[in-house]
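Student: I have a chain open here and would like to talk it through. Could we begin with the overall picture and then go into details?

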Amino acid sequence: PIFGEQWIAYEPPSKMLFRFWYDPQSGRTRRASLGTSDLGEAKLKLAEIVANGAPKSKCSPLSVVLENYFTERTDHLPSKKTARNAGKLFLECWGKLARVSAIDEAKQKEFALWSDKRSHSLAYIARNLGVLAAALSHAKLDVEIIYNANTISDKWLPNAKPSCKRFVPTDDELARFLNCELPENLWRWVLIQMTTAGRPQTAL
């Protein structure tokens, strides 16, 4: 029986039924057990997988887990470009065939050092690892990801430059700024930013 681009068949000598599909990335036919030898039950399980998406495991390719996270979550948010750029960096560093099971602390350190050599800031490295942590959590995969900037610095990048301290104006400095002659649209934007602390794009 065929459901979409997947099909059910036996794989001797096992008496269990498997779902099969063609993986264009590797050019091979993949399989996964449906956990039953009953054809009717297997059909129901495969129909559910096709409808809801295949469950992810630590053996899943990282690229699949990331793409699933982007399409289901971040592509609908203002931060979609930031998230997808983080995904590109992970696959560039670890390779497109990297699997979730390989993302241990040594791999995370490898990414941090790789990013540091490209002059990425400590905050940027931490933010990207935060995207990875969110993607794995979205897939319900229990993998510990270190994405705290201070921890990354202490463990792997002791010579990394600390993030720049944010400039916080005093009341007098803010008053002088607001007394400047500003274009109407810029004036409105400044007031919205001051009163909501929202994203600049949202204020626009």
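Tutor: Let us start with contacts, bearing in mind that this is a predicted model: of the contacts in the chain with a separation of 6 or more, 48% are between residues 24 or more positions apart.

Student: OK, and how many helices and strands are there in the chain?

Tutor: The chain has 9 helices and 4 strands, and from the N terminus on the elements run β-β-β-β-α-α-α-α-α-α-α-α-α. Of the 204 residues in the chain, buried residues make up 30%.

Student: Which way do β2 and β3 run, and how many bridges join them?

Tutor: Strand β2 (residues 6-10) and strand β3 (residues 17-23) run antiparallel and are joined by 5 bridges, and the two form a hairpin with 6 residues between them. Within that pairing, W7 stands opposite F20 in β3.

Student: Switching to helix α5, what should its 17 residues span?

Tutor: Helix α5 covers residues 122-138 and, because the rise is taken as 1.5 Å a residue, it should span 24 Å; its end C-alpha atoms are 24 Å apart, which agrees. After α5 comes K140, whose phi is positive, near 60°.

Student: And which residues in α5 are buried?

Tutor: The buried residues of α5 are L122, I125, A126, N128, L129, G130, V131, L132, A133, A135 and L136.

Student: What do those buried residues of α5 pack against?

Tutor: They pack against α2 (62-72), α3 (80-94), α4 (105-117) and α6 (149-155).

Student: Now pockets: what lines the second largest pocket, and what is its volume?

Tutor: The second largest pocket has a volume of about 220 Å³, and its lining consists of Y69, T74, P78, S79, T82, A83, R127, V131, R199, P200 and Q201. The elements giving two or more residues to that lining are α3, α5 and α9 (200-203). V131 therefore appears in both lists, being buried in α5 and part of the pocket lining.

Student: How does that lining split by class?

Tutor: By class, the lining of the second largest pocket has 5 nonpolar, 4 polar and 2 charged residues.

Student: One last residue, W187: where does it lie, and why is it called partly exposed?

Tutor: W187 lies in helix α8 (residues 184-196), and W187 is called partly exposed because its relative accessible area is 29%, which falls between the 20% cut-off for buried and the 50% cut-off for exposed. Leaving aside neighbours within four places in sequence, W187 is in contact with L178 and L182.

Conventions: Residues numbered from 1 in each chain as written. Predicted model: local features only at pLDDT ≥ 70, side-chain atom pairs only at ≥ 80, totals over all residues. Heavy atoms only, no water. Expected span 1.5 Å × (residues − 1). Buried < 20%, exposed > 50% of the residue type's maximum accessible area, 1.4 Å probe, protein only. Contact = heavy atoms within 4.5 Å. 1 Å grid on protein atoms, 1.4 Å probe; cavity = no way out; pocket = protein on both sides within 12 Å on 5 of 7 lines; lining within 4 Å. Points joined across faces, edges and corners; volume = space filled by probe spheres on them. Nonpolar A, V, L, I, M, F, W, Y, C, P; charged D, E, K, R; others polar. Pairing = 2+ DSSP bridges.
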